[in-house]
Amino acid sequence: MKFKNILGTGERASIKSIQSDFVTIASHQLRTPLSAIKWYAEILLSQRQGPLTKKQIDHLQEIYRSNERAINLVNDLLDVSRIQEGQIHLEVRPIRIEKVIEEVVDNYNTLIKSSKVNVDFQIVNGPLPEVEADQDKIKRVVMNLLSNAIKYTPAGGRIQMILEKSKHYITVSVVDSGVGIPKEDESKIFEKFFRSQNVIKLAPDGTGLGLYIAKSLVEAMGGKIGFDSEEGKGTTFHFTIPLKV
């Protein structure tokens, strides 16, 4: 039996708006308690208020990691809501993109060490000029690509962060020796909530929103994003940012 869609265009738009508002309000309301949990967990893990047993530390670290995943999910949902509503706000100014990359790599240093992967940073055709871009948005894109590369690259693997200047833009490439993307999944890789089966086995708690958000942010700044991959051998994600005019 087929059911006729009885909602008009205006009603469907209204429902979509309500859904978007719900996501935004719920996400904002979640931020405060999640931030409080993170703050208290950090205080306890610092052991400034007294020593902890190894078992207590292990439990607190799991609380901290789970809370971080929840915070990341909230941020992703807020970003998706803004993207769908066409409300990406850019604070464009001249930035040195190599400094942004260095900061992201430094922030992931602990994860890099615990994952036992090697990360190299290389500049081609340097020195690099400034680019006109939103620094926080660039950082968000690079964080997503680097964290994926770390998660999906086996211990002992190699990740390369490469910056290359051409006439009109700078290309940022994240090259890994990880699990790669199956051919049948390549056309869906930037879709919302999509995750390949081979990466779900390695990291079952992902949202499938990171690459969708990265693509939207890069394109909002006038750049393009793409990838080259071979399953079992690795992936290269690359995006461009226009040079300062």
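**Exercise 1. Lys233 and its partner**

Task: In this predicted model, decide whether Lys233 is buried or exposed, and find which residue forms a salt bridge with Lys233.

Solution: Begin with accessibility, where the cut-off for exposed is over 50% relative accessible area; Lys233 stands at 59% and therefore counts as exposed. Next, look for a carboxyl partner: Lys233 forms a salt bridge with Glu230, and the closest N and O atoms are 3.6 Å apart. Finally, place that partner on the accessibility scale, where Glu230 is partly exposed with a relative accessible area of 44%.

**Exercise 2. A pair within helix H2**

Task: Determine which residue forms a salt bridge with Asp58, and state how many residues apart the two are in helix H2.

Solution: The partner of Asp58 is Lys54, with 3.0 Å between the closest N and O atoms. Turning to their positions, the two residues are four apart in helix H2, so about one helical turn separates Asp58 from Lys54. As a general point, an α-helix has 3.6 residues a turn, so residues three or four places apart point the same way. The last step is to compare the two with the cut-offs: Asp58 is partly exposed, at a relative accessible area of 33%, whereas Lys54 is exposed, at 61%.

**Exercise 3. Further salt bridges**

Task: Identify what Lys183 pairs with in a salt bridge, and which residues are linked with Arg140 in a network of salt bridges.

Solution: For Lys183, the side chain meets that of Glu186 in a salt bridge, at 3.9 Å from N to O, a value to be read against the cut-off of 4 Å. Lys183 counts as exposed at 63% relative accessibility, while Glu186, at 22%, is partly exposed. For Arg140, the network of salt bridges also takes in Asp76, Asp79 and Arg82. Over the model, the count comes to 14 salt bridges.

**Exercise 4. The surroundings of helix H7**

Task: Explain why helix H7 (residues 210-220) is described as largely enclosed by the rest of the structure, and say what covers its buried residues.

Solution: First apply the cut-off for buried, which is under 20% relative accessible area; the residues of H7 that are buried are Gly210, Leu211, Tyr212, Ile213, Ala214, Ser216, Leu217 and Val218. These are eight of the 11 residues in the helix, so H7 is largely enclosed by the rest of the structure. Then look outward: the elements covering the buried residues include helices H2 (54-84) and H5 (135-151), together with strands S6 (225-230) and S7 (234-242). Last, follow the chain onward, where Gly222, just after H7, takes a positive phi of about 85 degrees.

How values were computed:
Residues numbered from 1 in each chain as written. Predicted model: local features only at pLDDT ≥ 70, side-chain atom pairs only at ≥ 80, totals over all residues. Heavy atoms only, no water. Buried < 20%, exposed > 50% of the residue type's maximum accessible area, 1.4 Å probe, protein only. Contact = heavy atoms within 4.5 Å.
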